[in-house]
Amino acid sequence: MALLPDTEVTPPLWGLVLGGGLSTRMGTDKAWLAYGNQPQWKRAYERLQRYCECVYVSVNPEQQRPSVANCQIDSYQQGPMGGLLTAFGTNSSVAWLVLAVDMPLVQHVTLESLVQNRNPASLATAFAGADGLPEPLVTIYEPRSFSQIRLLFEKNHLSLRKFLTTSDVTLLCPPQPSELISVDTPEAYRYWKEQLASSSC
């Protein structure tokens, strides 16, 4: 992990499971889709616990709420950016490691690489996707990114990828590029559920 100047302290790392999407393409709540014997929100939550001092789950007001103390209602209701802004509203002095529920293929090797190569001097640390663009849903957002993301939101620019592509971020090559796949349709869910079961992930 890159170090900040001696006068600065690296912000603590907290985790955020983004589970508040509308799931229009999936047709059901992706947070509660089961992979193995667990709903995806719980799989993501437990993965983040290994790396983060505290982990929150973000949901929208209409969703079934997970049975964890740190369940957070997305007060913006504007996709991933809204969930992240709500998290920064809870604590703007920490960095947030974000993992979305529609990224069920992400395993510890990917998260470990992200955390170990975190650059707190950047606004964020992210992986490059297959298209070379940053993948915003498996990313560490530093506290200094909060004001800039909020400014974009106020201008109705709601894309976290747009923020990452136009800001000072550290972009990494993923150790397992195949894990950066978003599962958004019933067909994709059935396929990847079988694949994960056969590999005992």
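At 29% relative accessibility, E112 counts as partly exposed, since that value falls between the 20% limit for buried and the 50% limit for exposed. This is a good place to step into the model, which is a predicted one. E112 has a charged partner: its side chain meets that of R50 in a salt bridge, with 3.4 Å from N to O. E112 belongs to helix α3, whereas R50 sits in the loop between α1 and β4, so the pair ties together parts of the chain that are 62 residues apart in sequence. R50 has a relative accessible area of 53% and is therefore exposed.

Why do such pairs form at all? Side chains of opposite charge can pair when their charged atoms come close. In this model the count comes to six salt bridges, and two others are worth a visit.

The side chains of K30 and D102 meet at 3.3 Å, again taken from N to O. K30 lies in the loop between β1 and β2 (34-35), and D102 in the loop between β6 and α3 (108-116), so this bridge connects parts that are 72 residues apart in sequence. Here both K30 and D102 are buried.

Next comes the salt bridge between R161 and E135, whose side chains meet at 3.5 Å, N to O. This pair also links distant parts of the chain, with R161 in helix α5 (residues 160-165) and E135 in strand β8, 26 residues apart. R161 has a relative accessible area of 30%, which means that R161 is partly exposed. E135, with 11%, is buried. Back at K30 and D102, there is a further member to add: salt bridges that share partners join K30, D102 and D184 into one network.

Now let us turn to the sheet. Seven strands make up an open sheet with mixed pairing, and their order is β5-β4-β1-β6-β8-β7-β9. The edges belong to β5 (71-73) and β9 (169-172); each has a single partner strand, so one side of each is left without a neighbour in the sheet. From one strand to the next, the twist averages 30°.

Within that order, β1 (residues 13-18) and β6 (residues 95-100) are a handy pair to trace on screen. They pair in the parallel sense over six bridges, and G15 stands opposite L97 in β6. Helix α1 (residues 40-49) packs on the sheet, where it touches β1, β4 (55-59) and β6. The direction of α1 makes about 170° with that of β1. Helix α2 (residues 79-90) lies across β1, β4, β5, β6 and β8 (134-141), and runs at about 145° to β1.

That leaves the nonpolar interior. Which residues have the most contacts inside the largest nonpolar core? They are L84, W96, L97, V138 and Y141, in a core of 53 residues. Strand β6 gives the most to this core, with six residues. L97, which we met opposite G15, is thus one of the residues with the most contacts in the core.

V138 makes a good final stop in this core. Leaving aside neighbours within four places in sequence, V138 is in contact with V98, L99, M103, V106, L111, L114, F127 and L180. There is also a second, separate core of seven residues, and among them are M26, L105, V183 and L196.

Notes:
Residues are numbered from 1 along each chain as its sequence is written. This is a predicted model: local features need pLDDT of at least 70, side-chain atom pairs count only at pLDDT 80 or more; totals for chains, interfaces and linings use all residues. Side-chain values use heavy atoms; hydrogens and water are left out. Two strands pair if DSSP finds at least two bridges between them. Helices (H or I, at least four residues) and strands (E, at least two) are DSSP runs, numbered from the N terminus. Axes are lines fitted to C-alpha atoms, for helices over the stretch in contact, and angles run from 0 to 180 degrees between N-to-C directions. Contact means heavy atoms within 4.5 Å. A salt bridge is a side-chain nitrogen of Lys or Arg within 4 Å of a carboxyl oxygen of Asp or Glu. Buried means under 20% relative accessible area, exposed over 50%, partly exposed in between (1.4 Å probe, protein chains only). A nonpolar core is a set of buried Ala, Val, Leu, Ile, Met, Phe, Trp, Tyr and Cys residues joined through side-chain atoms within 4.5 Å.
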